[in-house]
Amino acid sequence: MNKRQLLQSFLAASALSFGLVPAHAQTPIKFQLDWRFEGPAALFLHPAARGYFKAAGLDVSIDAGNGSGGTVTRVASGAYDMGFADLAALMEFHANNPDSPNKPVAVMMVYNNTPASVMALKKSGITKPADLAGKKLGAPVFDAGRRAFPIFAKANNIGAVNWTAMDPTLRETMLVRGDIDAITGFTFTSLLNLEARGAKASDIVVLQYPDYGVKLYGNVIIASPKLIKENPAAVKAFLSAFAKGAKEVMANPAVAIDSVKKRDGIIDTALETRRLKLAIDTVINSPDARADGFGAVDPGRLSLMASQVSDAFGTKTRVNPEAVWTASLLPPAAELNILKK
């Protein structure tokens with residue numbers, strides 16, 4: 001060997017000894033969120049900004065989404081390798097596409113409780129679920145709360161309601177204007193949007209599904225079966241890096257929101273920090289999450305949800321809970337011990 005070759009060999013050996021990997025060895029992961037770059041997106045954008053995915057040998061690109069249904073479909077199509085989506089939307093896809101060769105699989109629970117709520121203004125006279133009977137409710141047709149409303153209605157013996165469909169950007173506006181009596185939506189999304197449209201917090205009634213007998217799981221990290229089969233180590237590495245970042249996000253949301261600001265410079269930092277904190281307090285670090293353990297599910301509760309989704313969504317086949325979820329790729333318990341007591 002000449003001196004140049006010896007130097008190259010030394011540098012390569014040094015890189016390996018220090019756990020460094022060349023750029024071309026990074027595994028590309030295309031990841032799609034369920035929604036826009038808002039506060040909760042910090043759960044993924046923060047570990048990306050801190051270099052945790054890169055340090056795990058992954059080249060992760062994160063795109064905004066336009067609803068959980070779209071995220072599930074795009075992962076199923078192969079356009080994305082992984083994503084963040086409502087578990088009910090994933091269950092519906094499985095049951096309505098039994099012959100699909102690439103049905104995504106949930107690999108980590110993030111929103112241990114559904115964020116879905118019914119929201120109304122006090123002037124409507126709505127204070128409890130029973131008051132919704134005969135009222136005019138509004139939400140986009142794909143809204144998770146609207147799709148799951150039959151489960152909420154059954155659990156609370158609610159009579160028939162009248163639905164109005166609209167674009168997501170008009171939902172809270174129509175409620176404030178009085179065009180509809182109540183809306184369904186994610187609590188941390190619609191509650192703050194109502195305030196932004198002039199409604200006082202003290203005038204808003206929030207009926208959170210988990211508070212009224214509906215123990216549906218919320219959003220999960222999903223992965224394509226192709227990726228799980230061909231590169232399970234990449235999925236495990238992603239989940240470990242995510243858990244590390246999520247712990248920091250929950251410890252300091254105000255700092256973590258900077259990662260969202262970098263992706264969307266026009267966000268209201270104070271508003272999105274509140275949205276992130278609300279998501280953490282209501283659906284991430286909830287009593288149910290602390291009971292199950294971050295990232296995990298309770299098998300009995302998962303089976304009940306599968307049955308409820310099959311009935312409420314009128315799926316072609318029954319949801320098989322064992323097909324939509326796997327815990328085999330979760331990080332060790334020590335890495336998942338991230339929830340504050």
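Mentor: Before we start, a helix here is a DSSP run of H or I with at least four residues, and helices are numbered from the N terminus. Keep in mind that this model is predicted.

Trainee: Fine. What phi does G51 take just after α2?

Mentor: A positive one, about 85°.

Trainee: And what makes helix α2 "mostly covered"?

Mentor: Buried means under 20% relative accessible area. In α2, which spans residues 42–49, 6 of the 8 residues are buried. Those are A42, L43, F44, L45, H46 and P47.

Trainee: Let's do some helix pairs. Why is α4 called oblique to α5?

Mentor: The axes of α4 (residues 68–77) and α5 (residues 87–96) cross at roughly 50° and come within 9 Å. Roughly parallel needs an angle under 35 degrees, and roughly perpendicular runs from 65 to 115. The crossing angle of roughly 50° fits neither range, so α4 counts as oblique to α5.

Trainee: Which residues make that contact?

Mentor: From α4, you have S68, G69, V72, T73 and A76, and from α5, A89, L90 and F93. By class, the contact of α4 with α5 has 5 nonpolar and 3 polar residues, with no charged ones. Gly goes with the polar class, in case you wondered about G69.

Trainee: Then what makes α5 roughly perpendicular to α16?

Mentor: Their axes cross at roughly 65°, and the perpendicular class covers 65 to 115 degrees. That is why α5 is called roughly perpendicular to α16. The axes come within 10 Å, with α16 covering residues 299–313.

Trainee: What is the class make-up of the contact of α5 with α16?

Mentor: It has 8 nonpolar residues, 1 charged and no polar. L87, A88, M91 and E92 come from α5, while α16 supplies L302, M305, A306, V309 and F313. Glu counts as charged, so E92 fills that class.

Trainee: What about α9 and α14, where do their axes come within 9 Å of each other, and at what angle do they cross?

Mentor: Residues 187–196 form α9 and 269–284 form α14, and the axes cross at roughly 140°. α9 passes α14 in a right-handed crossing. The contact residues divide into 7 nonpolar, 4 polar and 3 charged.

Trainee: On to the interior. Which residues touch the most other members of the largest nonpolar core?

Mentor: L132, I221, F238 and F242, out of 99 residues in that core. Helix α11, residues 232–251, gives the most to the core, with 11 residues.

Trainee: How do you know that L132 touches residues such as F149 and L207?

Mentor: Contact means heavy atoms within 4.5 Å. Leaving out residues up to four places away in sequence, the partners of L132 include V118, I126, F149, F152 and L207. Apart from this core lies another, of 11 residues, among them L121, L175, I183 and L194.

Trainee: Last one. Why is N162 called partly exposed?

Mentor: The relative accessible area of N162 is 47%. Buried needs under 20% and exposed needs over 50%, so N162 at 47% falls in between and is partly exposed. N162 is found in strand β7, residues 162–164. Beyond neighbours within four places in sequence, N162 is in contact with G134, K135, K136 and L137.

Note on methods: Residues are numbered from 1 along each chain as its sequence is written. This is a predicted model: local features need pLDDT of at least 70, side-chain atom pairs count only at pLDDT 80 or more; totals for chains, interfaces and linings use all residues. Side-chain values use heavy atoms; hydrogens and water are left out. Axes are lines fitted to C-alpha atoms, for helices over the stretch in contact, and angles run from 0 to 180 degrees between N-to-C directions. Helices (H or I, at least four residues) and strands (E, at least two) are DSSP runs, numbered from the N terminus. A crossing is left-handed if the near helix is turned anticlockwise from the far one by less than a right angle, and right-handed if clockwise. Angles under 35 degrees count as roughly parallel, over 145 as roughly antiparallel, 65 to 115 as roughly perpendicular and the rest as oblique. A nonpolar core is a set of buried Ala, Val, Leu, Ile, Met, Phe, Trp, Tyr and Cys residues joined through side-chain atoms within 4.5 Å. Buried means under 20% relative accessible area, exposed over 50%, partly exposed in between (1.4 Å probe, protein chains only).
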